[in-house]
Amino acid sequence: MKSFRKELHFHLPTRRGLVNITGDVQEAVTQSGVKEGLVLVNAMNITASVFINDDESGLHQDYEKWLEGLAPEKPYSQYRHNGYEDNADAHLKRTVMGRETVVAITGGRLDFGTWEQIFYYEFDGKRDKRVLIKIIGE
């Protein structure tokens, strides 16, 4: 069995942002040489998320509105954690959107359903962050 590891690095200029990383993950699968296996993609920071969904701008706007309704950024005073930093809402948003995703690899390609794409969602940007891609298979 083969094993392959790669990191993606991000430094978004805004506090929140959504990045389609499907191409980066497929590139890693190709580099790995794995034809049949699994790829784990996970955010290596507790204020960012990796998930699978549709790449549609209206849906992306809906995420923002929905998440801001669940865990509004301001007022900062509403969160106990904000005594340390002003990112409590980012931790909560990450909990809702998830830490990682796993995708099957078939014939050297990501084995997706219709419209599925992999996204990195930043909730507390303006600093360096990483995403781990770990591939196992044959």
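At 21% relative accessibility, glutamate 7 in this predicted model lands in the partly exposed class, because buried would require under 20%. Glutamate 7 pairs with arginine 5 in a salt bridge, with 3.0 Å between the closest N and O atoms. That is a handy way into the model, where salt bridges come to 14 in total. Below, they're followed by a small sheet of three strands, the helix H3 that packs on it, and a buried asparagine in strand S3.

**Salt bridges**

- Arginine 5, the partner of glutamate 7, is partly exposed too, with a relative accessibility of 46%.
- Aspartate 124 and arginine 15 form another salt bridge through their side chains, at 3.9 Å from N to O.
- That pair ties together parts 109 residues apart in sequence, because aspartate 124 sits in the loop between S7 and strand S8 (129-137) while arginine 15 sits in the loop between strand S1 (2-10) and S2.
- Neither end is out in the open: aspartate 124 and arginine 15 are both buried.
- Next along from arginine 15, arginine 16 makes a salt bridge with glutamate 73, and their closest N and O atoms are 3.5 Å apart.
- Here the parts tied together are 57 residues apart in sequence, since arginine 16 belongs to the loop between S1 and S2 and glutamate 73 to the loop between H2 and H3.
- The two ends of this bridge fall into separate classes: arginine 16 is partly exposed at 21% relative accessibility, whereas glutamate 73 is buried at 14%.
- Both of these loop-to-loop pairs belong to a salt-bridge network, which links Arg15, Arg16, Glu64, Glu68, Glu73, Asp89, Lys93, Asp124 and Arg127.

**The open sheet**

- Strands S2, S7 and S4 line up in that order as an open sheet with antiparallel pairing.
- S2 (17-20) and S4 are the edge strands, each pairing on one side only.
- On average, neighbouring strands in this sheet are turned by 25° against each other, ignoring direction.
- The antiparallel S2 and S7 are joined by four bridges.
- Glycine 17 has glutamate 122 of S7 standing opposite.

**Helix H3**

- H3 packs on the sheet by touching S4 and S7, and its direction makes about 30° with that of S4.
- The helix spans residues 88-97 and is mostly covered, with seven of its ten residues buried.
- Those buried residues are Ala88, Asp89, Ala90, His91, Lys93, Arg94 and Met97.
- What do the buried residues of H3 pack against? Their partners are S3, strand S4 (48-53), helix H2 (57-70) and strand S7 (117-122).
- Two of the buried H3 residues, Asp89 and Lys93, also turn up in the salt-bridge network.
- Right after H3 comes glycine 98, with a positive phi near 100°.

**Asparagine 42**

- Asparagine 42 is part of strand S3, which runs over residues 36-43.
- Is asparagine 42 buried or exposed? With a relative accessible area of 3%, asparagine 42 is buried, because that value is under the 20% cut-off.
- Leaving out neighbours within four places in sequence, the contacts of asparagine 42 are Val50, Arg99, Glu100, Arg130, Val131 and Leu132.

Notes:
Residues are numbered from 1 along each chain as its sequence is written. This is a predicted model: local features need pLDDT of at least 70, side-chain atom pairs count only at pLDDT 80 or more; totals for chains, interfaces and linings use all residues. Side-chain values use heavy atoms; hydrogens and water are left out. Buried means under 20% relative accessible area, exposed over 50%, partly exposed in between (1.4 Å probe, protein chains only). Contact means heavy atoms within 4.5 Å. Two strands pair if DSSP finds at least two bridges between them. Axes are lines fitted to C-alpha atoms, for helices over the stretch in contact, and angles run from 0 to 180 degrees between N-to-C directions. A salt bridge is a side-chain nitrogen of Lys or Arg within 4 Å of a carboxyl oxygen of Asp or Glu.
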